[in-house]
Amino acid sequence: MFKLWASIVKDVRILLRDRVGISLMFIMPVILVIVVTLIQNSTFQLMNKNKLTVVVCNKDTGKLSKQLVTTINKIGMFKVVQVDGSQNAQQIADGMHTNDAMLAITIPPDFTSKIETKAKASSNKALKSFGLQADSAKEEKLTGATPLTLYYNPSIPESIRFSVNGALTSALQIVESRETLRTLYYAINEKEMPQQLENEMLNGKAQINQVPVSKDGSIKAPNATQHNVPAWTIFAMFFIIMSLSGSVVREKVSGSFIRLKTLPTNFAVGLLSKQITYLCVTLFQALVIFSLGLWFFPFINLPALNLPSNIFGLILITVAVGYCAVSYAICVGVFAHTQEQANGFGAVSIVILSAIGGLMVPVFAMPGALKTISTLSPLHWCIQAYYGLFLEGAGLKDVVISILPLIGITFAFQGLTFIGLKRKKLI
Amino acid sequence: MVAMSSLAVHIENLGFHYPGNSGVTYDGLNLKIAEGERFGLFGPNGAGKTTLMNLMTGLLVADTGSIQLLGHKIGTKSKAVNKLFGFVPQDFSFYQELSPIENLEFFGAWYGLNRRQIAERSKELLEILGLSHVSYKPVQNFSGGMKRRINLAIGVIHNPKILFLDEPTVGVDVQTRHAIIDYLKQLNKQGTTLIYTSHQLSEAEGLCEQIALVDNGKIVREGNLDKLLEEYDHQNLEDLFLNLTGKDYRN
C-alpha cells in the first residue's frame with residue numbers, strides 16, 4: 001500500500017506542476033461549457049423569447065394584406081419593419097442589412113383581389129354543395145393566390161427557416177379562412193358577419209400543451225443548461241487524455257522508465273496510481289462544472305442547473321464516466337510511441353467520439369448508419385446515462401442499466417491496455 | 001577461481017539476439033563476478049556492453065542460458081531479486097519535475113523501504129553527494145553534474161549488494177567525477193559489488209580491479225587489471241584496450 005501511496009503522491013505532485021495540463025483539464029472546459037451554453041441559450045431564446053426582425057414590403061393596397069401584416073405581428077415570433085411598397089428586390093435586400101433583419105417578405109400587388117376571388121369561388125362551391133342557389137353570374141374559378149416572396153439571409157439555420165415558413169403559412173391560412181367565412185356568411189345572410197361570431201369561430205382553436213416526459217413522473221422543462229452541462233462535463237473528463245496519456249508516454253520514453261523496470265515493484269502499481277489520481281481529477285472536474293451550472297450560471301442570466309433527485313445515481317454515472325475516460329487515456333498512452341502521437345491522436349479522437357456520440361448533434365438527428373456507429377462511442381453511453389438522469393428523472397435501476405455498456409467499453413480499454421503492456425513486456 | 005557461494009554475478013551459457021538480428025548477438029557467454037569486486041566492463045561502441053548490462057538487470061530477457069545474481073536467477077516472474085541490486089543508467093532516470101527528496105521518496109518506496117528508512121537514507125545521501133542545499137528544488141533546473149549525483153543517489157538508496165553503473169560520470173566536470181568515484185569506492189568498502197562500464201578508461205583504471213573486454217558479443221579477455229597490463233606489457237588500460245580490440249572505427 002505504501003508503494004501505491006508513494007506513486008499517487010508522485011503523480012499528484014507532477015500533475016500540480018503541469019500548469020498547461022491543468023489549464024487544459026479545468027480552465028478550457030469551464031470556458032467551453034459557459035460559451036456553448038450562452039450560445040445555445042440565445043438560440044433557445046431566439047425561438048422562444050426574442051423576436052426575429054422581418055422586413056415587410058407590402059405592394060398591395062387592399063385590406064387583406066394589412067390583415068396579413070397584423071396577423072404576422074400577432075404570431076409573436078416576429079418584429080415587423082414595414083418599408084415602402086414600391087421597393088425592388090435590391091432595395092429590400094438593402095433594407096434587410098439596414099434593419100439587421102435576417103428575413104424579408106414581399107406581398108404581391110394583387111394579394112387582396114386574388115384572395116377575395118378565391119374566397120368567392122370557395123363560397124359559391126360551398127353553397128352549391130349545400131343545395132343553395134349560388135350567384136352564377138359571379139362564379140369564379142377556384143385558383144390559388146399569388147405567392148408571397150420570402151427573402152432570407154443564407155446564414156440563418158434551416159430549422160429556423162422552416163419554422164418561419166410554417167408560421168407565415170399559418171398566418172396566410174388565417175387571412176384566407178377569415179375572408180372565405182365572411183364571404184360565405186354574406187352570401188347566406190346578405191349582411192356582414194358580426195365581429196364576435198368571427199372571433200369565436202376563428203380564435204377558438206385547440207391549444208397544444210407541451211409536456212416533457214420523465215421516468216420519475218416529475219415535470220422539468222429542458223433548457224440549454226440541462227443539455228450542455230452534462231455534455232461538456234463528459235467532454236472535459238475525456239479531455240484528460242491530453243495530460244494522462246502524455247504522462248504515460250513521458251514515463252515510457254524518459255529515462256525514469258528504464259529504472260522503474262529494474263525495481264522490485266510491478267509497473268501495474270504505477271498504472272493503478274495513475275488511474276486513482278486521474279479518476280479523482282475527473283470527479284473534481286465534474287464537481288467544478290456542476291457547481292458552475294448550479295451557482296454561477298444564474299449570475300450570467302443562464303438557467304441554473306437542476307440536479308437530479310437521484311444523487312447516488314449521479315455519483316455512480318460520474319464515476320463510471322471518469323473511469324472510462326481514464327482507461328481510454330491510459331490505453332492510448334500505452335500504445336503511443338511519442339507524446340506528440342498521444343496528444344494528437346488523443347485530442348482528435350475525443351472530438352470525433354464526441355461528434356458521433358451525440359455530444360454535438362443529437363443522435364436522433366443522425367442518419368441511420370451513423371446512429372449505429374454512435375453506439376461504439378463511449379461518450380454516447382455517457383451522455384445517454386446523464387440525459388436519463390438530468391432530463392428523464394431515471395431511477396437507480398435505469399442508471400445501472402444505462403452504464404452497463406459503458407462498463408463493457410471500459411473493460412475493453414483495460415483489456416487492450418493489458419495486451420499492450422504484455423506485448424511491450426512492461427508487466 | 002571464484003567460489004560459487006561468493007559470486008555476485010554468474011552467467012552461464014548465455015544466448016541472446018535482438019529481433020531480426022539487428023544488434024549484437026551473444027552465443028554461449030560465460031562470466032563470473034565475485035562479491036565485493038570492482039568490476040569494469042569495457043569495449044568499443046556496439047560491442048555489447050549495454051546489452052549485457054541490460055540482461056544482468058533484467059531489462060532484456062536471455063534466449064538461452066541463465067544469469068544469477070547472488071544465487072538468485074534473474075528474469076523470473078518474481079521481482080524479489082531486483083531488491084538486491086541498484087542500477088545507475090547512462091540516461092537521467094528520474095522525474096525532472098520533482099525535487100531530489102521527492103524523487104528519493106518515490107524510488108525508495110518502490111525499492112521497498114519504509115518512510116523512516118527513506119528519510120534517513122535521503123538525508124545521508126544528499127549530504128554525501130553535496131545536494132542538501134537543493135533538496136526541495138525541482139531537478140529540471142539543475143546542472144548536468146548535479147543530475148548525475150541524483151541519478152547515483154537513487155540507485156543506491158536501498159543499500160544494494162550489487163550496483164550496476166552505465167557510464168555514471170559521462171558529461172560531468174572533474175570535481176563531480178572525483179566525488180562520484182570516491183563515493184563508489186566508499187560503497188565498495190562497505191561491501192557493495194560494483195559493475196561498471198565507461199569509455200573513460202583513465203577513470204576506470206583508478207576504480208576497477210577486475211575487468212572484461214567485450215567485442216562483437218564475446219569476452220575478448222577478462223581478469224585482474226594489473227596482471228593483464230603486465231601480461232601484455234602495457235602501461236595503461238587504453239593501450240591494452242586498443243591492442244585487444246583494434247583501431248578500426250565502430251558503429
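**Figure 1. Aromatic pairs in the predicted model.** Let's start with the rings: counted over all chains, this structure holds 15 aromatic pairs. Keep in mind throughout that the model is predicted. A pair of aromatic rings is described by the distance of the centres and the angle of the planes. The next two views each pick out one pair.

**Figure 2. The pair A:F290 and A:Y386 in chain A.** How are the rings of A:F290 and A:Y386 arranged? Their centres sit 6.0 Å apart and their planes meet at 90°, so this is an edge-to-face pair. A:F290 belongs to helix α11 (residues 267–296) of chain A, while A:Y386 belongs to helix α15 (residues 378–390) of chain A, so the pair ties together parts that are 96 residues apart in sequence. Are these two residues buried or exposed? A:F290 is buried, and A:Y386 is too.

**Figure 3. The pair B:Y95 and B:F106, and the cluster around it.** Over in chain B, the rings of B:Y95 and B:F106 have centres 5.6 Å apart, with planes at 75°, so this pair is edge-to-face. B:Y95 is in the loop between β6 (85–88) and α2 (100–110) of chain B, B:F106 is in helix α2 of chain B, and the two are 11 residues apart. Both B:Y95 and B:F106 are buried. They also have company: B:Y95, B:F106, B:F107 and B:W110 make up one aromatic cluster.

**Figure 4. B:N151, a buried asparagine that touches chain A.** Look for B:N151 in helix α4 (residues 144–156) of chain B. How much of B:N151 is accessible? Its relative accessible area is 0%, and since anything under 20% counts as buried, B:N151 is buried. Setting aside residues up to four places away in sequence, which residues does B:N151 touch? In chain B they are B:V88, B:P89, B:D91, B:F92, B:S93 and B:F94, and from chain A there is A:R259.

**Figure 5. A:D11, a buried aspartate in the helix α1 of chain A.** Helix α1 (residues 2–17) of chain A is home to A:D11. With a relative accessible area of 4%, A:D11 is buried. Skip the neighbours within four places in sequence, and A:D11 is in contact with A:G270, A:S273, A:K274 and A:T277.

**Figure 6. A:A206, an exposed alanine in a loop of chain A.** Here we're in the loop between α7 (195–203) and α8 (224–238) of chain A, where A:A206 is found. Buried or exposed: which is A:A206? A:A206 has a relative accessible area of 75%, and because over 50% counts as exposed, A:A206 is exposed. If you want a ruler in this view, take the C-alpha atoms of A:A206 and A:I289: they are separated by 42 Å, and the residues are 83 apart along the chain.

**Figure 7. Positive phi at B:N13 and B:E167.** Most residues other than glycine have a negative phi. What is the phi of B:N13? The value is near 50°, which is positive in a residue other than glycine. B:N13 lies in strand β1 (residues 7–16) of chain B. At 49% relative accessibility, B:N13 counts as partly exposed. B:E167 also has a phi near 50°, a positive value in a residue other than glycine. You'll find B:E167 in the loop between β7 (162–166) and α5 (174–189) of chain B. B:E167 comes in at 11% relative accessibility and counts as buried.

**Figure 8. Chain A, the setting for the close-ups of A:F290, A:D11 and A:A206.** Stepping back, chain A has 16 helices and four strands. Its C-alpha trace spans about 110 × 50 × 40 Å along the principal axes. The radius of gyration of chain A is 31 Å, whereas a compact globule of 427 residues would have one near 22 Å. Of those 427 residues, 45% count as buried. Chain A carries 37 positive and 23 negative side chains, with the centres of the two sets 17 Å apart.

**Figure 9. Chain B, the setting for the close-ups of B:Y95, B:N151, B:N13 and B:E167.** Chain B has eight helices and 10 strands. Along the principal axes, its C-alpha atoms fill a box of roughly 50 × 40 × 40 Å. The radius of gyration is 18 Å for chain B, which agrees with the value near 18 Å for a compact globule of 251 residues. Of the 251 residues, 53% count as buried. Chain B has 24 positive and 28 negative side chains, and the centres of the two sets lie 7 Å apart.

How values were computed:
Residues are numbered from 1 along each chain as its sequence is written. Chains are lettered from A and ligands numbered from 1 in the order in which they are written. This is a predicted model: local features need pLDDT of at least 70, side-chain atom pairs count only at pLDDT 80 or more; totals for chains, interfaces and linings use all residues. Side-chain values use heavy atoms; hydrogens and water are left out. Buried means under 20% relative accessible area, exposed over 50%, partly exposed in between (1.4 Å probe, protein chains only). Contact means heavy atoms within 4.5 Å. The radius of gyration is taken over C-alpha atoms; the globule rule is 2.2 Å times the number of residues to the power 0.38. Lys and Arg count as positive and Asp and Glu as negative; His and the chain ends are not counted. The place of a charge is taken as NZ of Lys, CZ of Arg, CG of Asp or CD of Glu. Rings of Phe, Tyr and Trp (its six-membered ring) pair if their centres lie within 6.5 Å; planes under 30 degrees apart count as stacked, over 60 as edge-to-face and the rest as tilted.
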